[in-house]
2 protein chains.
Amino acid sequence: MLQLRDLPTPAILHKFAQRYPDADITAVVTFLHLLRTATDLSDALDACLQQHALLQGRWWVLILLMREVDGTAAPSALADKAGVSRATMTGLLDGLERDGLVERVLGNHDRRRVAIHLTAAGQARLDEVMPDYYQRVRRLMAPLGETDRKQFIQLLDRIQAGISELSGS
Amino acid sequence: MLQLRDLPTPAILHKFAQRYPDADITAVVTFLHLLRTATDLSDALDACLQQHALLQGRWWVLILLMREVDGTAAPSALADKAGVSRATMTGLLDGLERDGLVERVLGNHDRRRVAIHLTAAGQARLDEVMPDYYQRVRRLMAPLGETDRKQFIQLLDRIQAGISELSGS
DNA sequence: TTGACATGGTTAGCCAGCTAACTACAATGT
DNA sequence: ACATTGTAGTTAGCTGGCTAACCATGTCAA
């Protein structure tokens with residue numbers, strides 16, 4: 001994700017719009033504002049996870065495992081749900097297994113398959129980080145009331161729908 | 001940035017809220033929606049830049065250089081403005097220099113300093129990618145009218161203000 | 001004047017993304 | 001029965017984040 005510390009000033013936007021007449025100023029400003037806020041939220045999430053010796057990728061794998069009734073899933077399923085490649089998931093699982101937060105259980109019927117299991121230590125780590133996470137998200141979103149949130153999500157969904165349409169065609 | 005391919009269903013949110021009573025459901029949903037949309041936009045940006053053999057980090061450096069009147073800046077200034085460490089900037093500049101898009105000019109007065117200069121090839125690459133970029137941003141933001149955009153940015157700014165306040169205290 | 005500190009940039013080594021290629025195994029069609 | 005194809009997971013090698021440590025150079029004060 002782009003780390004935007006220095007959004008363009010009106011003067012800079014004007015300069016660029018001169019050279020590139022296709023520029024839609026308010027579109028660019030909206031686009032960059034959204035990315036900037038998301039980056040800041042992501043950084044805030046990093047700060048939270050770091051307190052508990054976790055990073056986004058590994059934390060998300062633990063959550064995906066906790067969503068399962070038996071705390072077990074296949075690496076490829078985790079990769080799909082986390083939106084990363086299978087190769088990346090192998091690396092994440094290596095780290096989590098080294099820390100004892102998950103374990104690899106070899107399959108019996110199909111010996112290609114491996115089951116990833118959330119260990120007691122993994123669950124304990126989640127029980128430590130999640131209350132902190134929820135607390136922080138609560139505070140981060142506090143500036144928006146319930147009505148604001150509905151409205152905000154609606155605007156996000158309209159952008160999302162546009163993206164799906166563009167990439168679909 | 002988190003790759004959220006699988007947002008929690010209401011059932012999952014309920015399950016987690018049972019175990020972690022601090023959870024503020026609408027806050028979490030809003031938070032994840034925002035990150036999800038930003039991720040998708042970032043992916044769309046990646047797709048655009050890839051058409052022109054660029055990645056976000058390197059592209060942003062070129063833009064920062066083009067903002068300067070003489071197309072020149074110090075590595076540390078670029079690092080600050082891009083929001084990355086000086087070490088990361090060294091790597092980005094290595095890649096850009098290898099591709100001939102920037103050049104390092106050694107300082108005369110202070111021999112620690114290096115000036116980074118946007119080359120003609122670098123400017124040409126920007127002139128190739130920017131119209132495509134603006135075109136795509138225009139289309140991505142098309143679902144929102146001018147009024148929507150104002151409102152959206154205002155909501156983003158309120159979140160941003162909250163973040164600054166939290167990290168400041 | 002020179003010793004201590006500050007600054008600009010690079011290097012080294014870690015993590016986590018990616019693609020492409022590979023291994024092992026399963027399934028399937030002739 | 002066996003060759004082909006498909007699938008699950010890993011490995012290798014790239015990029016680009018990070019921190020910490022490390023020159024080299026400037027600066028400043030005793």
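How many Å separate the centres of domain 1 of chain A and domain 2 of chain A, taken over C-alpha atoms? The legend to view 1 gives the value. All views show a predicted model.

**View 1. The two domains of chain A.** The domain assignment divides chain A into domain 1 (1-50) and domain 2 (54-140). Their centres, taken over C-alpha atoms, are 32 Å apart. Six residues from domain 1 of chain A and nine residues from domain 2 of chain A make the contact. On the domain 1 side, five of the contact residues are nonpolar and one is charged. No polar residue occurs on that side.

**View 2. Chains A and B as two copies.** A turn of 180° with a shift of 0.0 Å along the axis lays chain B on chain A. The RMSD of this fit is 0.1 Å. The two copies are thus related as by a two-fold rotation axis. Both use the same surface: 100% of the contact residues of chain B recur in chain A.

**View 3. The side of chain B that touches chain A.** Here 59 residues of chain B are in contact with 59 residues of chain A. The elements of chain B that give two or more residues to this side are α2 (25-50), α3 (56-67), α4 (75-82), α6 and α7 (146-168). By class, the chain B side has 34 nonpolar, 11 polar and 14 charged residues.

**View 4. Helix α6 of chain B.** This helix covers residues 120-141. At 1.5 Å a residue, its 22 residues should span 32 Å. The end C-alpha atoms are 31 Å apart, which agrees with that expectation. α6(B) nevertheless bends by about 25° at V129(B). A proline, P131(B), follows within four residues of the bend. V129(B) itself is buried. Other buried residues of α6(B) include G122(B), R125(B), L126(B), M130(B), Y133(B), R136(B), V137(B) and L140(B). An α-helix has 3.6 residues a turn, so residues three or four places apart point the same way.

**View 5. A53 in chain A and chain B.** Most residues other than glycine have a negative phi. A53(A) has a positive phi of about 55°, although it is not a glycine. A53(A) sits in the loop between α2 (25-50) and α3 (56-67) of chain A. Is A53(A) buried or exposed? A53(A) counts as exposed, because it has 12 C-beta neighbours inside 10 Å. In chain B, A53(B) also has a positive phi of about 55°. The loop between α2 and α3 of chain B holds A53(B). With 12 C-beta neighbours inside 10 Å, A53(B) counts as exposed.

How values were computed
Residues are numbered from 1 along each chain as its sequence is written. Chains are lettered from A and ligands numbered from 1 in the order in which they are written. This is a predicted model: local features need pLDDT of at least 70, side-chain atom pairs count only at pLDDT 80 or more; totals for chains, interfaces and linings use all residues. The expected span of a helix is 1.5 Å times one less than its number of residues. The bend at a residue is the angle between axes fitted to the seven residues ending there and the seven starting there. A residue is buried if 20 or more other C-beta atoms lie within 10 Å of its own, exposed if 12 or fewer, and partly exposed in between; C-beta atoms are placed from the backbone. Domain bounds come from an automatic or database domain assignment. Two residues are in contact if their C-beta atoms, placed from the backbone, lie within 7 Å. Ala, Val, Leu, Ile, Met, Phe, Trp, Tyr, Cys and Pro count as nonpolar, Asp, Glu, Lys and Arg as charged, and the others, Gly among them, as polar. Copies are superposed by least squares on the C-alpha atoms of residues with pLDDT of at least 70 in both.
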